[in-house]
Each structure stands twice: as C-alpha cells, then as structure tokens.
Amino acid sequence: MTKHFFLDHLNSSGRAGVALERLEGAWELLVHCAQFEEFPPLGDIMSALLLFFPILLAWTEGTSAADDGMPFMEYLDPNRLVCLKWGFDNLKGNITFQLAVNSTGWISLGFSPSGEMYGADIVIGGVGPNGNYFNDYHAKEEVMPLLDKEQSYTLLSMMENDGQTIMTFQRAIQSCDEEDFHITAQPIKLIYAYGTSDEIKYHGPRRGTKEVNLLNYVPRTSNANATYLSVKVTNVPVPSNKTYYHCKVMKLSDLSTKHHIYQIEPEIENPDIVHHMLLYHCPPTVTTPYENPCYRGDLGDVCFGVVAAWGTGGGVYELPENAGIPIGGENKNILYRLEIHYNNPQQKAGVIDNSGLRLYYTDQLRQHDVGILNTGVLPILPVKYNIPPKAAEFHTYGLCNTSYFSQLVSPMPDLQVFAVLLHTHLAGRKVRVGHFRKGKQIDFLGLNENYNFEMQQTVNLGSIKTVMEGDEIIVECTYNTEDRTGPTKIGLSTFDEMCLAFLYYYPAISVTSCLSQPNTTLLSPTDYQSSDLNDHAEYEEMLKNLPQIQFISDAKKRPLVYTNAFIRDMMESPTIKCEPKNAANELCPSWIANIGGILLSLLWMIV
C-alpha cells in the first residue's frame, strides 16, 4: 500500500486540491522519518492510516484557504490586507506561519532588528505561471535582498484564492544560521511587502512594519458594544514651528463608580507630525480646564501622573486581562492633561489637528489597578547637560532608587512590572532598563538594542518582573550624533534628546515619577569643553561618575529630592545561545515516533 492509493482516491473524489499537495509532502516526511529506529514499520502506519481515510475525505471536502489551526493572528497593516497567523509547540521547536495577502503577485514577510529592510531576514514566495516559488533571503541594504546560502525555511503550502495569496511555512525558533533572525520572547519588528505581479521588484508603497511578540502574544479583545472615552484636541492650529507642545486640561467623565480602562487606541489625524501623546492625571490643586501651548507656567504644567502613553509608530495597546487603569469613582472630579508633541521639521503651515486617544473602559473591575511609573533622565534639566557631537555611541543614565518610596507610600507593596514604553528622540539607538537588588543587577525591565524613533510601542515583557522596596532602576540610553556638528541637550524638542522608560505595573501606588540627572554643577568649565572634543569616552565616564540628583513625586505633586546616589555598572545584554540540531532528524520530533503521533501529524499537514 503506497501514497498512490490515497492520491488516486482523492483524485477520483474530486477533492485533491491542496490536500493532494500536502499529502505529497507528508509522505516524503514520513519516509524520511521512518529511517530512524524508533519509528514503527511503514506498513503498520499505512494500515492504521487507512482507518482514518473516510475522515480525511470528509475533512478535505471543507478545506479552504483559511487555516484556523494556528492560534495567533495579527493584521500587519491598517487596511487589513495583510494577515499573519502563527503557532508553535515549544520554545525549542519549530514555529509555523501563514501569511495571507490580498494580492496575486509575490508576497514577503521579514524579521527586522529596526523595522527597516536593512539587516532583515526575509522570505519571498508566490504562485507563478510555472508553479510555486519560495526562498529565504537576507537584506544588507535597501535593495533587492540576497539569497541565503542555507535555506532555513520550509514551505508547507502555497495557494491563490479569490485574489489572495496564502503562504504557509515553517522554521526553527532557535536558528543557528548567521543570516537568519533569532526569534526570542521579546517583541519583534515584522516587515512585509508585496507586488502586483510575480516579478520580484521594488514594492513601492505596498510595505509596512509592525511590532509583535510572537512567543508571548496577547490578543486584543473584540467587542462591538465596547464603551470608550474620546480624549482629543479639537481644531488645533499647529504652528509652523519645528517643535510644538499642545496641552488640553479637561474633565474626562462623570463616572460615579470606579471603572477600569483596558485598551488604549490612538486616533491620529496627522501622522506625519504627531510625535507622541501623553495623558496625565492632575493633582487636586488643578481645578480649571483650559487649552494652551504647554509649559508656559500654567497651573496644569504640574500634571505628571501618567495614565496613558503613545509614541510615533505605536498602535493599539491592550492591558492584561487581570489588570486595568482605574478611572471614575472617588476620582471622578479630578482633571486630566492631554499633551501632544507635534514634530514639524518641514515647518508646514496651516495644519489643523484633531488627534487624541480612545480609552476603552468597563465596569467589570479587574483584579489589579495599574500604575505607570515614569523613570529615566529628568527631561527638563535645571542644570547643563550636553551630549557631544560626532559620537558613534554616547551613553546617558537615569536612576530611580525605590528606597525612598516609603516616604510617600506606606506600606510599600511589591510592584509587578508587565510592560514598558521606551522613549528617546532622533539620536537614540539603544535603550536598556536595568533592575538592581542589593547593589547587583538581577534582570532587565526593558531592552531594545535596535531602537527606532519611528517605532515606539508599549510592549509586554512576556513575564512579570517584581520590583521590591529598595530595588534600583537604571535607564541607559545610547545615542549616535555622528551627523551633528554641535552639542545636543536634554530637552523637549525632537532635536533635543530624552531618555525615558514608562513602566506599567500593579498594584498602583501614588508615586508617579522617579527621575534623575547628574549633578553637573560639580564640573568645571574645562570639563565642559571636553564635550566638544573627540574624547567622548572620557566625558561620558565623567558624567556617569557624578552624583545623581533624584526627583520623586506622587499624584498630589509632593516632591522628594535626594542627592549623592550613583550609577552602577550594567551587565552585558543577553545573547542568543545557539544549540545546533541534528539536521537529519530535526523535522522528526519524538512526539511523532509512534503511530498515534504520526497519524495526527499527517492529518494535520494534509488538512
């Protein structure tokens, strides 16, 4: 009994289609795996499979382009033309992808360190006039990618249906190929592109980027009857300045009982100039709504309790199902400040904006109240701090020592950190958030070695990180200023720099910000001159060794200032440990080395 028995019956039943193609592949896999001693004889396998043949025919009757066998799904583009599904069994096994694109030309998916084509690991495939094509590539420049020497991706199926191309393929999660991207439990920048024909050439506008955590994916809730608050500015005339901050202080709602915000969605009218948005809650001293340019000495300038945050390139963020941001109830009368930073390098005139945030909320309270802690370098420095020009790498540090939180919070609970939003401006290249306990680093609370100014997304950490009283949080930002001729200051403008990490945690406490700056008043004029010279390492080390001035504040805007704290050395970033597999049997895991496992494996591949 051979595969031809099944193929002939599938053909005679008129149900061959993709099942025929998949059975061919399944048979080849079966023959390959049968060479190993732990596999039973092929005759026994085929006899058992014959019992399932009527079921196979019934299943192939309903086979369609949509394969719901993969548990995770994300649209990669705002128009829902590019859909990615994926699934995996374990972190050391294989991961399977299905890319569906509304096009009958070539389609591609890439894994990128920065969200750009440069350095990306890419697969390209399609259904051509002479059959399917599919290959593994890598990009060294913003040009046609290069074919990998080792083809690490396996095509499972390729089809066109109703103007859509659907490509299903598989790879090892832990790849030892230097030309492949290493998939980890951290968020990954996925890139896609497609053409209108099977000639692989420049894609034009048919491309995009989205950051997704493939191995720790948290799907968003879909609810047609969801209620939300629209927190927006109205008909704001954006001046033709390169940088403009607009603030609107307002009351959000009259919710008499406590509710939870569970999803934050940006509403961007002018994506080319809206750089970031922050929603703060105000202390009780702010009682009058108003709308003005920010930071002109208005009372609302003291509103700094972060409720929601969004940065350019970011999308919808949904909180974990056991946590929500509290709103309403005893705090129903407090005011909030929406801050929008407009980045207008072309100095466009006549722009009117109505951007803001949509806050989805529920009266079904979740287990934990969420707080957002602002950490890093104080963005408005009362003292001089310069980042030198012509620096390939220059590091800046901010410190938060939680030992002082008990001055404002008693008792001080353990904080469970579950997500982070990292933020710098144009010169930022890397951001690392170190977690220290008893003077030693124990973990990272955030890590992005390929920071992209255009891709600022709140991301889940994948595992809960516990911050205990007395722990220290150090935020390190790495800048590249090789294209600048003068020093860069810490400040609000896009052409200034920032170094911030917004930590999402529960249970919420009253502390809202914990920032620092080096005490540069201890430097001499000669020391400052070194920032304009080429000895960047010496100047950086000088700043790092200065005592830090810490600024801690809470929801009532009670300030605490502490001096004489110091930056500790951070550990090296974790690297990927490659564990080479036996190439002969890497597609034959032990769970299919029995008849039951083989049957399930074959039927899954076929159906």
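Helices and strands are taken here as DSSP runs and are numbered from the N terminus. In this model, which is predicted, Glu 142 can accordingly be placed in the loop between β6 (131–138) and β7 (146–147). Glu 142 has a relative accessibility of 52% and therefore counts as exposed, since the term is applied to values over 50%. Together with Glu 116, Glu 141 and Glu 454, Glu 142 forms a negative patch on the surface.

Charged side chains also occur in pairs. Side chains of opposite charge can pair when their charged atoms come close. A search of the whole structure finds 17 salt bridges, and one of the pairs is that of Glu 267 with Arg 358, in which the closest N and O atoms are 3.0 Å apart. Because Glu 267 belongs to strand β15 (residues 258–267) and Arg 358 to strand β23 (residues 356–362), this pair ties together parts that are 91 residues apart in sequence. The relative accessible area of Glu 267 is 17%, so this residue is buried, the limit for that term being under 20%.

A salt bridge is likewise formed by the side chains of Asp 443 and Lys 465, with a distance of 3.0 Å from N to O. Here distant parts of the chain are linked, as Asp 443 lies in strand β30 (residues 440–448) and Lys 465 in strand β31 (residues 459–467), 22 residues apart. Asp 443 is partly exposed, with a relative accessible area of 27%, whereas Lys 465, at 16% relative accessibility, counts as buried.

In a further salt bridge, the side chains of Arg 558 and Asp 554 meet at 2.6 Å, again taken from N to O. Arg 558 counts as partly exposed at 38% relative accessibility, while Asp 554, at 2%, counts as buried. Elsewhere, Glu 393, Lys 430 and Glu 449 are joined into one network by salt bridges that share partners.

The chain is also cross-linked through cysteine, and the structure holds four disulfides. In one of the disulfides, Cys 247 is joined to Cys 294, with an S to S distance of 1.9 Å. The torsion about the S-S bond of Cys 247 and Cys 294 is about 105 degrees, and the disulfide is therefore right-handed. This pair links distant parts of the chain, with Cys 247 in strand β14 (residues 243–250) and Cys 294 in the loop between β17 (290–293) and β18 (305–311), 47 residues apart. Cys 247 and Cys 294 are both buried.

Cys 282 and Cys 303 form another disulfide, in which the sulfur atoms are 2.1 Å apart. Since the torsion about their S-S bond is about 100 degrees, the disulfide of Cys 282 and Cys 303 is right-handed. Cys 282 lies in the loop between β16 (274–281) and β17, and Cys 303 in the loop between β17 and β18, so that distant parts of the chain, 21 residues apart, are linked. Both of these residues, Cys 282 and Cys 303, are buried.

A disulfide is also found between Cys 400 and Cys 514, whose sulfur atoms are 2.2 Å apart. With a torsion of about 105 degrees about the S-S bond, the disulfide of Cys 400 and Cys 514 is right-handed. The pair connects distant parts of the chain, Cys 400 being in strand β27 (residues 394–401) and Cys 514 in strand β35 (residues 511–518), 114 residues apart. Cys 400 is buried, with a relative accessible area of 0%, and Cys 514 is buried with a value of 0%.

Note on methods
Residues numbered from 1 in each chain as written. Predicted model: local features only at pLDDT ≥ 70, side-chain atom pairs only at ≥ 80, totals over all residues. Heavy atoms only, no water. Patch = residues over 30% accessible without salt bridge, like charges linked within 9 Å, V, L, I, M, F, W, Y side chains within 5 Å. Areas by Shrake-Rupley, 256 points an atom, 1.4 Å probe, with all protein chains shown as cover. Salt bridge = Lys/Arg side-chain N within 4 Å of Asp/Glu carboxyl O. Lys, Arg positive; Asp, Glu negative; His and termini not counted. Charge placed at Lys NZ, Arg CZ, Asp CG, Glu CD. Helix = DSSP H or I, 4+ residues; strand = E, 2+ residues; numbered from the N terminus. Buried < 20%, exposed > 50% of the residue type's maximum accessible area, 1.4 Å probe, protein only. Disulfide = S-S within 2.5 Å.
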